[in-house]
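Here's a quick briefing on a few local features worth a look. Have the sequence and the model open as you go through the points.

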Amino acid sequence: MFHETVTHASGESRGHASEAHGLLLLRRALKRGHAIQATPPGGASITWSLLGHGGRAAVRSITLAPHTPVGELTDATVRDLGAIDSTATARYGVRDGRRIITVGLFEIPALTTARYRARSLVTADRTDRVRLTLTARLGLLAREHQAGADTALCSCGRLTACPSTPEEARSLTRRHRETVAAEFVNSLSSTFAAAVAAS
Ligand SMILES: [Zn+2]
């Protein structure tokens, strides 16, 4: 679930968006060519401009902030989430009477499994098949594309440039994050969308 904030001509309205609705908003934004950025807590912002009064451009936005932020995504967490995401065979199992996540022969211990569930990083369908939540995916994306060090403007290493001003650096970084977010939304499979819709 997300807190949803929508800006419009007379201010903004707030509400809640389910995971399925959040995904729908992202896919619609992609189709319309609106700018999307993932946020570190596992949310997203969507912005676009339209012609307002007197032909002046007005910026509109939809912001999705997760009810449960992903928290710190350590390297170990990222590895576990990557393992879950790499296969359709991740499921809940039981070890010593406690719930664990199994990915093939790989097991995520009960305590870690409980933490991932409490942080809403994973969810399962009625058959106990485990998948990452949209929030987890957005948090991972934002983590992968943080401000870079020295010459690289992004930690992914894909964005290297020599901007002459801080403004130029910010604008390059913003455009890069919008590009990777668009790629991300475009890459979400219909299987994932169907699983989200069914949950
Ligand atoms: Zn990047």
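**Strand E3 and its hairpin**

Strand E3 (residues 35-38) has two unlike faces: Ile36 and Ala38 sit on the covered one, while Ala35 and Gln37 sit on the uncovered one. Keep in mind that this is a predicted model. In a regular strand, side chains alternate between the two faces of the sheet.

*Pairing with E4*
- E3 runs antiparallel to strand E4 (residues 44-51), and four bridges join the two.
- Gln37, from the uncovered face of E3, has Ser45 as its bridge partner in E4.
- Five residues lie between the strands of this hairpin, and Gly42 there takes a positive phi near 105°.

*Helix H1 against helix H5*
- Two packed helices are described by the angle and the distance between their axes.
- For H1 (residues 19-32) and H5 (residues 166-187), the axes come within 10 Å and cross at roughly 115°.
- The crossing of H1 past H5 is left-handed.
- H1 brings Leu26, Arg27 and Leu30 to the contact, and H5 brings Ala182, Val185 and Asn186.
- Sorted by class, that contact has four nonpolar residues, one polar and one charged.

*Around Ala90*
- Look for Ala90 in the loop between helix H2 (75-85) and strand E6 (91-95).
- Is Ala90 buried or exposed? Ala90 counts as buried because 25 other C-beta atoms lie within 10 Å, and the cut-off for buried is 20 or more.
- Setting aside neighbours within four places in sequence, Ala90 contacts Ile84, Ile101, Val103, Arg129 and Val130.
- Ala124 is 34 residues from Ala90 in sequence, yet their C-alpha atoms are 9.3 Å apart in space.

Methods:
Residues numbered from 1 in each chain as written. Predicted model: local features only at pLDDT ≥ 70, side-chain atom pairs only at ≥ 80, totals over all residues. Buried ≥ 20, exposed ≤ 12 C-beta atoms within 10 Å, placed from the backbone. Contact = placed C-beta atoms within 7 Å. Axes fitted to C-alpha atoms, helices over the stretch in contact; angles between N-to-C directions. Left-handed = near helix turned anticlockwise from the far one by under 90°. Nonpolar A, V, L, I, M, F, W, Y, C, P; charged D, E, K, R; others polar. Pairing = 2+ DSSP bridges.
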